[in-house]
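Biologist: Hi! I'm new to this one, could you pull it up and walk me through it?

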Amino acid sequence: MRRSAAAAAAQRPWLPLFCMLLLLLFSLFATAAVEDGLLNNGDFETVGEVSTGGRGDGITSLPGWTVDGTVELVESGQKQGGMILIVPEGVHAVRLGNDAEIAQGLQLEKGATYAVTFSAARTCAQLETLNVSVWPASQTVDLQTLYSVEGWDAYAWAFQAPAEAEVDGTESRLSFRNPGMEDDPTCGPIIDDVAIKKLFSPERSQDDAVVNGDFEEGPWMLPNSSLGVLLPTNLDEETSALPGWMVESNRAVRYIDSYHFDVPQGKRAVELLSGKEGIISQMVETTPQKQYSLTFSVGAAGDSCQAPMAVMAFAGDQAQSFHYSPTGNATHQPANVTFTARAERTRIAFYSVYYNTRSDDRSSLCGPVVDEVRLRGVSKATASSSNWVACLLSLAVPVLMAFT
């Protein structure tokens, strides 16, 4: 005799619970935030449908991305007239023509800060820019050929995901658009290796007022890239690709790693480029009328940067330059600025004193490295001792020079 449906269900009490678990798992996977690293087809090596009509190969579809306008597939070694088009890595990249755009939907954690890293190169236009946006944030990044010998660079841009409740479970849209309008509509920037990383603001220690002074927290570093990552102008430390720090200048600074550069400590540091046009700064908490010591490391990146190299350091109303003078096998040296705080928040800042270029390519900018930035209070006894030492040294130097 066939059992009734009610009797069968009674013998399977786990079925409703199992269904609920399946629904929960599905909802978790459906709304999972994007993971750190390359985006879906972020290297553009998976090719969609291509039409060969007109000049270049126009993309009609690109897996993982939506395309709008004249978007071309570029292959390594491809020529346009007498110019070889640059593909930063792998076989393929995309080029954006006039007002062309590529975009990808992302699942983001509401209110979280992310950094997008991407490689870009110029082609035939004199001035090429990229507009990078995730609503409501956007920034136009100038693409220049001053920073490397490769003809391309990696850039990073940070944004904060919307904090509204309705963002949960919905997609945000990351887009790259070429705002240029050239006579040749196919001219435009080349994009490759688009990656993302969720950023965390390191906690400030009790005896150090600087946040992320070792620069260990920053944007995604492309593992096969030896050029570092350029950090364009960013005046908002809350949404900086280098948490805690602002880039106050017209030109970029370079975020470097210990796998391809000389780094004083840890795995990350900052190389200052473009003289006064490459400034990093941070507002730190201080106690008025209290004396502080700003310490940091000055070094060379090991990228054939020509001497002399020097860093200008600012701490409150004090400014002092430090020349990098290597001794033996050392690639860095300590520096210190002592000052008295005048307010509850004090600005510290660094820039390169000189406009340095590489010895193997004088058109590529480089500069001194800054790392291990710390700000600590100084006791009166320590300050008095430091002042006496400085006084004795200032007297001893001319005496020694007189006998040499």
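Modeller: Here is a friendly look at the cavities and then the salt bridges; keep in mind that this is a predicted model.

Biologist: Cavities first, then. How many turn up in the whole structure?

Modeller: A search finds 4 cavities of 30 Å³ or more.

Biologist: What is the volume of the largest cavity?

Modeller: The largest cavity holds about 80 Å³ of space.

Biologist: And which residues line the largest cavity?

Modeller: Among them are Gln139, Trp157, Leu231, Pro232, Asn234 and Val247. Strand β13, residues 152-160, gives the largest share of that lining, with 3 residues.

Biologist: What classes do the residues in that lining fall into?

Modeller: There are 8 nonpolar and 4 polar residues, and no charged ones.

Biologist: OK, what about the second largest cavity, which strands supply at least two residues of its lining?

Modeller: Those are β10 (113-121) and β13. Again β13 comes up: it gives the most to the lining of the second largest cavity, with 3 residues. The volume there is about 60 Å³.

Biologist: How many charged residues are in the lining of that second one?

Modeller: The lining of the second largest cavity has 2 charged residues, along with 5 nonpolar and 4 polar. Arg122 and Asp153 are both in that lining.

Biologist: Switching topic: how many salt bridges does the structure hold?

Modeller: It holds 9 salt bridges. One of them joins the side chains of Arg95 and Glu72, at 3.1 Å from N to O. Arg95 sits in strand β8 (residues 92-96) and Glu72 in strand β5 (residues 71-75), 23 residues apart.

Biologist: Is that pair buried or exposed?

Modeller: Arg95 is buried, because its relative accessible area is 2%, and Glu72 is buried at 2% as well. The cut-off for buried is under 20%.

Biologist: Got another one? Which residue does Arg173 pair with?

Modeller: Arg173 forms a salt bridge with Glu101, at 2.6 Å from N to O. Arg173 lies in strand β14 (residues 171-177) and Glu101 in strand β9 (residues 101-107), so this pair ties together parts 72 residues apart in sequence. Arg173 is partly exposed at 45%, whereas Glu101 is buried at 13%.

Biologist: And where do Arg342 and Asp317 sit?

Modeller: Those two form a salt bridge, with their closest N and O atoms 3.4 Å apart. Arg342 is in the loop between β24 (332-340) and β25 (345-352), and Asp317 is in the loop between β22 (310-315) and β23 (318-323). Arg342 counts as exposed at 53% relative accessibility, and Asp317 as partly exposed at 46%.

Definitions and conventions. Residues numbered from 1 in each chain as written. Predicted model: local features only at pLDDT ≥ 70, side-chain atom pairs only at ≥ 80, totals over all residues. Heavy atoms only, no water. 1 Å grid on protein atoms, 1.4 Å probe; cavity = no way out; pocket = protein on both sides within 12 Å on 5 of 7 lines; lining within 4 Å. Points joined across faces, edges and corners; volume = space filled by probe spheres on them. Helix = DSSP H or I, 4+ residues; strand = E, 2+ residues; numbered from the N terminus. Nonpolar A, V, L, I, M, F, W, Y, C, P; charged D, E, K, R; others polar. Salt bridge = Lys/Arg side-chain N within 4 Å of Asp/Glu carboxyl O. Buried < 20%, exposed > 50% of the residue type's maximum accessible area, 1.4 Å probe, protein only.
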